[in-house]
Amino acid sequence: MIDNLPFLVVAITILLGLYTLLLKKDLIKIIMGISLIESGVNLFLITLGYRWDSIAPIFTGAPSLAMVMPTVQALTLTSIVIGVATLALLLSMVMIIYRYYRTTDVREVSKLQG
Amino acid sequence: MMRTKVAWFTLVVLAGSLLFAALSIPFGDPAMSDMDDYFIAHGQEQTGANNIVTSIVFDFRAFDTLGEACVLFTAVFGVSVLFRLRKKGEDYEYE
Amino acid sequence: MSDSLSKIIRTTADVMFLFITVFGFYIVLHGHLTPGGGFQGGAVIATGFILLIVAYKLEDFLGWFQKRTFQNCEMSGLVLFIGTALAAIPLGYLFFMNFLNGTGGLFGQAVPFGINPGFLNTAGTIPIMNIAVGIEVLGGLSIIILYMTTGIRSHEEGE
């Protein structure tokens with residue numbers, strides 16, 4: 001139970017993000033929810049690759065040769081940069097929307113509804 | 001409101017399944033690690049880099065990095081199109 | 001938004017910019033030996049530029065660094081990255097082959113396997129790709145923040 005604490009943190013982070021995404025009406029808060037889900041996924045990837053009593057997979061002055069799994073860390077690196085890119089695009093679009101509607105409430109942004 | 005109820009129902013179902021999954025995955029003992037063991041054992045002699053993560057990002061899985069660089073470029077392109085300089089009086093056309 | 005911040009903040013930004021930039025280039029250059037790499041180092045250097053954007057007026061910053069500089073940074077980083085990958089093909093290897101490793105030339109020193117203190121001149125094409133991606137991320141993140149700041153300013157001046 002207590003060993004699974006990292007996975008519990010991942011689950012709670014993703015749930016907070018889903019709550020924000022589903023029930024909030026503000027565009028900035030929705031973007032915050034997306035970022036929270038993204039952080040949860042990154043943490044999940046890192047946590048999956050952990051092995052007990054291991055070190056980071058770097059040979060420079062390493063104290064031992066038991067190392068954690070490196071592939072998930074490389075995937076997380078990719079995921080973080082893509083997260084930054086999507087975050088920048090989303091925030092730019094919210095800035096454009098705010099400039100023309102003077103609000104970030106999704107119920108007021110009515111021209112996008114069909 | 002119907003929509004709020006559906007959202008809460010989805011949230012509760014997802015919470016149950018996520019918490020069940022979080023409590024049932026064994027932590028610190030991954031089951032399938034053949035590929036990572038191969039990278040740790042042979043990555044240094046095949047690429048010459050001490051940092052195995054860098055050797056994966058830039059050598060073993062370099063196509064992944066190429067796609068990622070393209071994604072970053074596309075994001076910069078999109079932001080620069082959204083905030084392009086306009087002449088005075090030029091406006092968005094959205095009607 | 002059009003005012004720069006107080007003198008204390010500006011002086012601190014001036015001093016910190018040098019250290020942040022040097023630290024970022026250290027992370028980029030030692031990406032194959034220590035934790036770090038092109039993406040992280042590029043993000044650190046971009047943070048230095050963003051610190052200058054926040055502390056000073058935008059006109060001041062655009063007087064020191066052109067937008068075109070960052071655009072050229074990003075272009076050249078991407079071209080260097082793909083060019084390093086493509087350079088393996090005329091030499092008879094596959095795309096993205098690490099053809100410089102162990103040849104004794106640039107970044108080609110033979111690495112002692114196992115735990116070692118770390119030598120900078122190793123790892124073949126990986127340091128070159130690190131530098132390329134570092135330059136690209138530097139330009140990309142800086143130009144994103146620069147465009148967004150320009151967007152805020154043109155918004156505040158009114159349509």
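So, at what angle do the axes of α3(A) and α4(B) cross, and within what distance do they come? Keep that in mind while I walk you through chain B. One caveat: this is a predicted model.

Chain B has 4 helices and 0 strands, so to speak a plain α-α-α-α run along the sequence. Out of its 95 residues, 31% count as buried.

Now, the contact with chain A. Here 39 residues of chain B meet 40 residues of chain A. On the chain B side, the elements giving two or more residues are α1 (2-24), α2 (34-47), α3 (52-60) and α4 (62-82). The largest share comes from α1(B), with 10 residues. As for chemistry, that side of chain B has 26 nonpolar, 8 polar and 5 charged residues.

Back to my opening question. Helix α3 of chain A, residues 70-101, and α4(B) have axes that come within 9 Å and cross at roughly 10°. Angles under 35 degrees count as roughly parallel, so α3(A) is roughly parallel to α4(B). Their crossing is left-handed.

Who's touching whom? From α3(A), the residues include A:Val81, A:Ile82, A:Ala85, A:Leu89 and A:Ile96. From α4(B), we have among them B:Val71, B:Leu72, B:Ala75 and B:Val79, along with B:Asp64 and B:Glu68. By class, this helix pair brings 12 nonpolar, 3 polar and 2 charged residues to the contact.

Last bit: chain A also touches chain C, with 12 residues from chain A and 13 from chain C. The chain A side there splits into 8 nonpolar, 3 polar and 1 charged.

Definitions and conventions:
Residues are numbered from 1 along each chain as its sequence is written. Chains are lettered from A and ligands numbered from 1 in the order in which they are written. This is a predicted model: local features need pLDDT of at least 70, side-chain atom pairs count only at pLDDT 80 or more; totals for chains, interfaces and linings use all residues. Two residues are in contact if their C-beta atoms, placed from the backbone, lie within 7 Å. Ala, Val, Leu, Ile, Met, Phe, Trp, Tyr, Cys and Pro count as nonpolar, Asp, Glu, Lys and Arg as charged, and the others, Gly among them, as polar. A residue is buried if 20 or more other C-beta atoms lie within 10 Å of its own, exposed if 12 or fewer, and partly exposed in between; C-beta atoms are placed from the backbone. Axes are lines fitted to C-alpha atoms, for helices over the stretch in contact, and angles run from 0 to 180 degrees between N-to-C directions. Angles under 35 degrees count as roughly parallel, over 145 as roughly antiparallel, 65 to 115 as roughly perpendicular and the rest as oblique. A crossing is left-handed if the near helix is turned anticlockwise from the far one by less than a right angle, and right-handed if clockwise.
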